[in-house]
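Student: Please give me a close look at one part of this model: the spaces in it, open and enclosed, and what lines them. I am new to it, so keep it plain.

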Amino acid sequence: MTPLDHPILDRPIWHALSTLQRSVSVGTERARRFHPDIGPLAATIDDEPESLADLADLIVSAGGLGLMQAIASPVPPGCREEIRAPAVQMVLESPDRLVAEAAIAAAGIEPLGDADAGDMLALATATAPGPFAARTHTLGRFWGARNEGRLMAMAGERMRLPGLTEVSGVCSHPDVRGRGLAAILCSRVARDVLARGDRPFLHAFASNTGAIALYERLGFTLRREMTFVLLRPA
């Protein structure tokens with residue numbers, strides 16, 4: 001079975017939080033979410049009433065959580081839908097199209113860690129690449145590009161499923177867009193994932209056609225359409 005056919009990618013958040021990232025999540029055997037300081041993503045094992053009731057408890061206690069999955073996400077009792085947006089899920093099928101190692105090395109990017117957490121959160125807040133919190137960077141390896149000490153672009157890893165790792169947090173400050181940093185950083189992260197023996201995948205809002213075109217140039221292939229839903233207490 002190839003990643004394009006793999007059913008666990010239909011509910012990637014659930015299969016991350018119930019397996020390799022269970023230790024950084026909270027919830028029940030039917031509904032889980034990342035720890036609050038890691039991010040507001042959540043998922044259920046299925047759409048049965050018991051699972052939706054457990055999800056509703058998490059949403060009420062958090063004040064709001066986001067879901068990303070292939071199957072339309074029902075609204076749990078006691079909750080309301082604030083955002084429902086189409087998205088796409090892409091899997092790396094042609095790694096030979098990634099930016100070459102030599103070009104990545106020449107770009108002067110650097111690994112990011114705890115000492116960079118404030119800068120990473122500030123950049124994510126300014127550019128809105130998707131849900132990002134104070135400790136999102138602890139989910140995997142992140143890389144960044146600085147200009148005169150200021151973090152201007154970054155990319156890293158978020159969800160981890162058996163054999164699969166999500167490339168996420170890809171963002172660039174408007175002052176450096178068009179310089180190829182997103183392609184370089186995304187390629188660096190994807191090459192790290194491949195070196196571990198995992199297959200890279202990622203998500204983008206369907207409206208973000210520029211990002212989707214970039215990912216296609218780097219060898220990512222559309223796997224299927226997804227739906228992002230932000231749910232809050234009613």
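Tutor: Helices and strands here are DSSP runs numbered from the N terminus: H or I over at least four residues for a helix, E over at least two for a strand. The model is predicted, so local features need pLDDT of at least 70 and side-chain atom pairs pLDDT 80 or more, while totals for chains, interfaces and linings use all residues. Residues are numbered from 1 along each chain as its sequence is written, and side-chain values use heavy atoms, without hydrogens or water.

Start with the open spaces. The second largest pocket holds about 170 Å³ (a pocket is an open set of points on a 1 Å grid over the protein atoms alone, with protein on both sides within 12 Å along at least five of seven lines). Its lining (residues with an atom within 4 Å of a point) includes Pro40, Leu41, Gly64, Ile83, Phe205 and Arg232. Strands β4 (65–69) and β11 (220–233) each supply at least two of the lining residues of this pocket. The largest share comes from β11, with three residues. By class, this lining has eight nonpolar residues, three polar and one charged (Ala, Val, Leu, Ile, Met, Phe, Trp, Tyr, Cys and Pro are nonpolar; Asp, Glu, Lys and Arg charged; the others, Gly among them, polar).

Those two strands also belong to an open sheet. Its eight strands follow the order β4-β11-β5-β10-β9-β8-β7-β6, with mixed pairing (two strands pair at two bridges or more by DSSP). At the edges are β4 and β6 (110–112), each of which pairs on one side only. Strand β11 runs antiparallel to β5 (residues 79–92), and 13 bridges join them. One pair of bridge partners is Ala87 and Met226, the latter in β11.

The largest pocket has a volume of about 680 Å³. Its lining comprises 33 residues, and the closest to the centre of the pocket are Pro129, Val170, Asn208, Ala211 and Tyr215. At least two lining residues come from each of β9 (164–172), α5 (181–195), β10 (199–205) and α6 (209–217). Strand β9 gives the most, seven residues. The lining as a whole divides into 18 nonpolar, ten polar and five charged residues.

Helix α5 also holds Arg188. Arg188 counts as buried because its relative accessibility is 13% (buried is under 20%, with a 1.4 Å probe and protein chains only). Apart from neighbours within four places in sequence, Arg188 is in contact (heavy atoms within 4.5 Å) with Glu101, Ile104, Ile109 and Trp143.

Now the enclosed spaces. There are two cavities of 30 Å³ or more (a cavity is a set of grid points where a 1.4 Å probe fits but cannot get out; points join across faces, edges and corners, and a volume is the space filled by probe spheres set on them). The largest cavity holds about 50 Å³. Its lining is made up of Pro129, Gly130, Pro131, Phe132, Thr136, Phe142, Arg158, Ser168 and Gly169. Four of these are nonpolar, four polar and one charged.

The second largest cavity has about 30 Å³ of space. Around it are Phe34, Ile38, Gly39, Pro40, Leu41, Pro131, Thr136, Leu139 and Arg158. This lining counts six nonpolar, two polar and one charged residues. Pro131, Thr136 and Arg158 thus appear in the linings of both cavities.

Definitions and conventions:
Buried < 20%, exposed > 50% of the residue type's maximum accessible area, 1.4 Å probe, protein only.
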